Amino acid sequence: MLPPNSFQGKAVFITGGGTGLGKGMTTLLSSLGAQCVIASRKIDVLKATAEQISSQTGNKVHAIQCDVRDPEMVQNTVTEMIKVVGYPDIVINNAAGNFISPTERLSPNAWKTITDIVLNGTAFVTLEVGKHLIKAKKEGILVACREEGRHGASQVPPSDLEAFSL
């Protein structure tokens, strides 16, 4: 679909990069030459994904553990990412926490978990990267991803929060 090396020399930061859509986007972007950094809470999953994609594409993928709900951890992750690959050209906010359930059946704790990851996490990452890009007088592209899945949006309406977090 895209010419080889379309993302050569571009740094891409992907939250929720260890599985699902994040893993798929990382694989594609890495195969097109991007220097990818993936982040999520589960470092063992991240490392396995980074190794798999790196060997598949011949392009090193970096893994950094990060819980996007924690602003201090986000700050440290962004700082480390910049040390590893430089300022990101693209940030993909893909971290998610959803329960396949009608909204009226969600507990208050489930709702809080979802909003902390999807809404606050997206905001924390976007704000932290933005501060670094502004200070360095760099440009970048920020993307928020959401998947409504095979169950339809009526089963995962909290996902829509991410679209509003930007």
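**Questions on a predicted model**

Biologist: What phi does G33 take just after α1?

Modeller: This is a predicted model, in which local features need pLDDT of at least 70 and side-chain atom pairs count only at pLDDT 80 or more, while totals for chains, interfaces and linings use all residues. Residues are numbered from 1 along each chain as its sequence is written, and side-chain values use heavy atoms, with hydrogens and water left out. Helices (H or I, at least four residues) and strands (E, at least two) are DSSP runs numbered from the N terminus. Just after α1, the phi of G33 is positive, at about 100 degrees.

Biologist: What pattern does the chain follow along the sequence?

Modeller: The chain has five helices and five strands. Read along the sequence, they give the pattern β-α-β-α-β-α-β-α-β-α.

Biologist: How far does helix α1 reach from its first C-alpha to its last?

Modeller: The expected span of a helix is 1.5 Å times one less than its number of residues. For α1, which has twelve residues (20–31), 16 Å is expected. The reach in the model is close to that figure, at 17 Å.

Biologist: Which elements are included in what covers the buried residues of α1?

Modeller: A residue is buried under 20% relative accessible area, exposed over 50% and partly exposed in between (1.4 Å probe, protein chains only). In α1, the buried residues are G22, T26, T27, L29 and S30. What covers them, by contact (heavy atoms within 4.5 Å), includes β1, β2, α2, β3 and β4.

Biologist: Where on helix α2 do the buried residues fall, as an arc seen down its axis?

Modeller: In α2, L46, T49, A50, I53 and S54 are buried, and what covers them includes α1, β2 and β3. The face turned away from this side carries exposed D44, E51, S55 and Q56. The arc is taken from the directions from the helix axis to the C-beta atoms. The buried residues line one face of α2, because they fall within an arc of 130 degrees.

Biologist: Which helix supplies the largest share of the largest nonpolar core?

Modeller: A nonpolar core is a set of buried Ala, Val, Leu, Ile, Met, Phe, Trp, Tyr and Cys residues joined through side-chain atoms within 4.5 Å. Of the 22 residues in the largest one, F13, V68, M81 and V125 touch the most other members. β1, β2, α3 and α4 each supply at least two residues of this core. The largest share, seven residues, comes from α4.

Biologist: Which residue of β4 stands opposite F13?

Modeller: β1 and β4 pair in the parallel sense over three bridges; two strands pair if DSSP finds at least two bridges between them. Both faces of β4 are covered, with I90 and I92 buried on one side and V91 and N93 buried on the other. The residue opposite F13 is V91.

Biologist: Is K137 buried or exposed?

Modeller: K137 lies in the loop between α4 and β5 (141–144). Although K137 is not a glycine, its phi is positive, about 55 degrees. Its relative accessibility is 77%, and therefore K137 counts as exposed.

Biologist: What relative accessibility does N5 have?

Modeller: N5 is found in the segment before β1 and, although not a glycine, has a positive phi of about 65 degrees. N5 counts as partly exposed because its relative accessibility is 49%.
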